[in-house]
Amino acid sequence: MREMARLLFVLGAAAAAASAAGPVHVWEKQEVTLTAARSFANPYTEVTVWVDLAGPNFKKRVYGFWDGERTFRVRVVTTAPGTWTWQSGSNPPDDGLAGKSGSFTAVDWSEQEKQQNPLRRGFLRATANHHAVELADGTPYLIVGDTWWAAGTNRFKWYDDNQERPIGPDAGFKDYVRYRKGQGFNLVGIIAAFPNWVTDGKPASIRMDNPERTVIREAWLEFGKNTAKNMVNEGGLPFLYPGKVPGFEQVFADVDRINPAYFRYIDRKIDYLNEQGFIPFIEVSRRDSSQAWKKYYQWPDSYARFIEYVFARYQANNTLLSPIHFDTSSGSIPATEYQPAIQMALKNYGPPPFGNLLTGNPSVSTLLNWGEDSWVTLHQIGNAREHDFYWYLTQIFHAPHPQPALNGEPYYSGYNDARGRPGGGYQFGAPGGTEKDDQYVRSGIYGSFLSGGYAGHIYGSEALWGADIEPEAPVKMWDAFQWNSAAQMRHLRTFAFSVGKRFQDLIPDADLISPSKTQTTRGYEGWAYASYTPEKDIVLAYFEKGCPRSQIRAIRPLSYYAAQWFDPRSGTWLDVGNGFVMTNVLGVIVLPDFPADRDWGLRLIYAGAAPPGAMALK
């Protein structure tokens, strides 16, 4: 949000109270700064600080965080216009942290200002049917995201100036945001602590002698040789050294000693994303830190503390929050073993007070990992790439207590045998930047959406998630940024919003199309997907390349439907025949041949009952 509009309270040890000099905008981050009267050996673990915030239809405790030396901050946001008050507290009590108070007035943004940045309409929330997402004022929203897991590091350079630099080795964070904004993206995924370790100059392939120790070195293989040591930003790494893992004190950090300087450099990127209309999806940590964390630190307390630290730091921004990036069980404790830490954080500090949706990068599915009625308020599938896995979104849709869902890590562009990473050999992908690769990405986009991923879709690329810049990397991140597969992501919005906000009412059912599947489960060709409204007046469908001529069945009998093919390469529409098709007495439409031997979308909109004697297409 705009820097000049941000309310800043600076309260020293001797200060009594403060209040804002003027009104502030709703849904814009404000900050209360408190200075402790005394010193603490480890303020991160020893001190809890908060403000009790009250305003129109709002009365909650908002926790803050330590930000270095004697400085503590509590970040808040107002959810409605009117008068707001706050009063601070701390444990243990401290004269500089507790007993401070203030008040301010919040005003709404103008409609023109909301048009300039839709995030001024509020945070994301579930729709009434819990199958899609919208902004706080009810405006429908569709996530079009990208995976920049290393965005908090210096792989995404920060320049204070606003000079535009071409996408290439000199490009900075703002340039990449600008580039993706022009392509219609509105969300990026970031891992707050990426990673928690450094290299020690020893071969990455050597296992630890003691099998009970974590496999830290093996995790380095995922980043390439000596990559991890470069995953710093201007403030260093997220934690301090030495750590407590025997024999690896200079490899795995001390996760009970935070480095606030690292997070201060992430703050400005999060603020900039919000200012540009992007929602950051912030994950606390990556799963390959968990084994050492659980074995050598007090679990679940230590991890719960870090969850709360990241949440408190970023919950007043328009963000999605996640307690863990659980992309695979490899090198990780089981998904269920995170539950005590997550539940402890939510019990001790409460859920995010301003309603940020809670989600997580899963191993196949958040529903599978953490079950029904869990902490998850935005479900995801991911990391199981092929079209057989899109069904997990349908399972989430039909769960007794559904939540909105999306595919957070589908097929990664450039994910193939030649991807150049140790442990490669994925045989079902294609080289990045090719039409075949684009086609596989489109399968993930539209197959996932029509399988129940009505919250949107998140794109990914092999060279982007780890921010590949090493000389030996076969593809550099700035080259992958420019692959056409990402440019085609914008057309999902065109497809979904072609029926207005009614895409939020869709029901996934691939069997509406017959035939809809081949026997090839591990692939991206030959399958079809469909969704329909309860009234069956709208049908949206997608056919992967290689689908046979199909029929749509069990919709309104003896009825006309306006029918258009959708080209997912260009986002354009093409009439089916003369623009109308007719169902027979069984509610079946036999579709004509596809316009070309490629993948296609389809839209059917009810246009009225057929007159007596009308003949359906044979």
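Visitor: What is the relative accessibility of Lys536?
Guide: This is a predicted model: local features need pLDDT of at least 70, side-chain atom pairs pLDDT 80 or more, and totals for chains, interfaces and linings use all residues. Residues are numbered from 1 along each chain as its sequence is written, and side-chain values use heavy atoms, without hydrogens or water. Lys536 counts as partly exposed (between buried, under 20% relative accessible area, and exposed, over 50%; 1.4 Å probe, protein chains only). Its relative accessibility is 28%.

Visitor: Where along the chain does Lys536 lie?
Guide: Start with its backbone: phi of Lys536 is positive, near 60°, although the residue is not a glycine. On either side of its loop are strands (DSSP E runs of at least two residues; helices are H or I runs of at least four, and both are numbered from the N terminus). Lys536 lies in the loop between strand S25 (528-532) and strand S26 (538-543).

Visitor: Is Asn57 buried or exposed?
Guide: Asn57 sits in the loop between strand S4 (48-55) and strand S5 (58-63). Phi of Asn57 is near 55°, another positive value in a residue other than glycine. With a relative accessible area of 86%, Asn57 is exposed.

Visitor: What is omega for the peptide bond from Tyr241 to Pro242?
Guide: Most peptide bonds are trans. The bond from Tyr241 to Pro242 is cis, and Pro242 is found in the loop between strand S15 (239-240) and strand S16 (254-258). For this bond, omega is near 5°.

Visitor: Which two residues does the cis peptide bond with omega of about 0° join?
Guide: Look in the loop between strand S8 (82-91) and strand S9 (101-107), where Pro92 is found. The cis bond there joins Asn91 and Pro92.

Visitor: Which helices do the buried residues of H8 pack against?
Guide: Helix H8 spans residues 339-349, and its buried residues are Gln339, Ala341, Ile342, Ala345 and Leu346. Just after H8 comes Gly350, with a positive phi near 80°. The buried residues of H8 pack against H7 and helix H9 (366-370).

Visitor: How much of the protein chain do buried residues make up?
Guide: The protein chain has 15 helices and 31 strands. Of its contacts (heavy atoms within 4.5 Å) with a separation of 6 or more, 71% come from residues 24 or more positions apart. Among the 618 residues in the protein chain, the buried share is 61%.
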